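Student: I have not looked at this protein before, and I would like to go through it slowly with you. Could we take it one question at a time?

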Amino acid sequence: MTILADDSNEHRKRLDTLISKIDGFELKEKRENKLDFKEDLDDKAILNLILENDHSALYNYSILKIKVDKEFLSKIMDEEDIPDYYETLDIIIEDELKHIKMLRTALE
Ligand SMILES: [Fe+2]
């Protein structure tokens, strides 16, 4: 669980850095955590909720990698920042795949 939380914080930092490079985009200072754990959830339900969240993250970041092309990126950020866009997504996608594998193992 520590790895998942650490990676999640790392992803947020990387995404914040990436977003700061997009023209006309401003970061909100305070963002709420999307995962809402109800008190009565057992461990398995919590792991399933995180797994669901990671599947969704993997899907969305994969779409952002595949569908957003360099031509579009060159309109919203400096040319020199474009490799960071793909590198950031590659790192996050790889981590999410790792998380999904870990969660599936934990749920077995
Ligand atoms: Fe994750």
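Student: Which residues of H2 are buried?
Tutor: This is a predicted model, and in it the second helix, H2, covers residues 43-67. The buried residues of H2 pack against H1 and H4. Those buried residues are Ile 50, Asp 54 and Tyr 61.

Student: How many helices and how many strands does the protein have?
Tutor: Reading along the sequence, one meets the pattern α-α-α-α. The count that goes with this pattern is 4 helices and 0 strands.

Student: What does the C-alpha trace of the protein span along its principal axes?
Tutor: The protein has 108 residues, of which buried residues make up 9%. Among contacts with a separation of 6 or more, 80% come from residues 24 or more positions apart. Along the principal axes, the C-alpha trace spans about 45 × 30 × 20 Å.

Student: Is Ile 63 buried or exposed?
Tutor: Ile 63 belongs to helix H2, and its C-alpha atom lies 23 Å from that of Asn 48, which is 15 residues away in sequence. To decide the matter one counts C-beta neighbours inside 10 Å, and a residue with 12 or fewer is called exposed. Because Ile 63 has 11 such neighbours, it counts as exposed.

Student: What length does H2 reach from its first C-alpha to its last?
Tutor: H2 has 25 residues, and at 1.5 Å a residue the expected value is 36 Å. The reach in the model is close to that expectation, with a value of 36 Å.

Student: How are H2 and H4 oriented to each other?
Tutor: Two packed helices are described by the angle between their axes and the distance between the axes. The axes of H2 and H4 come within 9 Å and cross at roughly 155 degrees, and the residues of their contact divide into 16 nonpolar, 4 polar and 4 charged. Angles over 145 degrees count as roughly antiparallel. H2 and H4 are therefore roughly antiparallel.

Student: Which hand does the crossing of H1 and H4 have?
Tutor: The axes of H1, residues 2-20, and H4, residues 82-107, come within 10 Å and cross at roughly 165 degrees. That angle makes H1 roughly antiparallel to H4. The residues of this contact divide into 6 nonpolar, 3 polar and 4 charged. As for its hand, the crossing of H1 and H4 is left-handed.

Student: Which residues in H4 does H1 meet?
Tutor: On the side of H1, the residues that take part are Leu 4, Asp 7, His 11, Arg 14, Leu 15 and Leu 18. Their partners in H4 are Asp 84, Tyr 85, Thr 88, Ile 91, Ile 92, Asp 95 and His 99.

Student: Which residues of H4 are buried?
Tutor: H4 has 26 residues and reaches 38 Å from its first C-alpha to its last, close to the 38 Å expected at 1.5 Å a residue. Its buried residues pack against helix H1 and H2. They are Thr 88, Leu 89, Ile 92, Asp 95, Glu 96, His 99 and Leu 103.

Student: Which residues does Leu 89 touch, not counting residues up to four places away in sequence?
Tutor: Leu 89 lies in helix H4, and with 21 C-beta neighbours inside 10 Å it counts as buried. Its C-alpha atom is 9.8 Å from that of Leu 18, although the two are 71 residues apart in sequence. With residues up to four places away in sequence left out, Leu 89 touches Tyr 61, Leu 64 and Lys 65.

Student: Where is Asp 78 found?
Tutor: Asp 78 has 12 C-beta neighbours inside 10 Å and so counts as exposed. Its C-alpha atom is separated by 43 Å from that of Lys 38, which is 40 residues apart from it along the chain. Asp 78 is found in the loop between helix H3 and H4.

Student: Is Glu 108 buried or exposed?
Tutor: Glu 108 lies in the segment after H4. Its C-alpha atom is 41 Å from that of Leu 73, and the two are 35 residues apart in sequence. Because Glu 108 has 5 C-beta neighbours inside 10 Å, it counts as exposed.

Terms used
Residues numbered from 1 in each chain as written. Predicted model: local features only at pLDDT ≥ 70, side-chain atom pairs only at ≥ 80, totals over all residues. Helix = DSSP H or I, 4+ residues; strand = E, 2+ residues; numbered from the N terminus. Buried ≥ 20, exposed ≤ 12 C-beta atoms within 10 Å, placed from the backbone. Axes fitted to C-alpha atoms, helices over the stretch in contact; angles between N-to-C directions. Parallel < 35°, antiparallel > 145°, perpendicular 65-115°, else oblique. Nonpolar A, V, L, I, M, F, W, Y, C, P; charged D, E, K, R; others polar. Expected span 1.5 Å × (residues − 1). Contact = placed C-beta atoms within 7 Å. Left-handed = near helix turned anticlockwise from the far one by under 90°.
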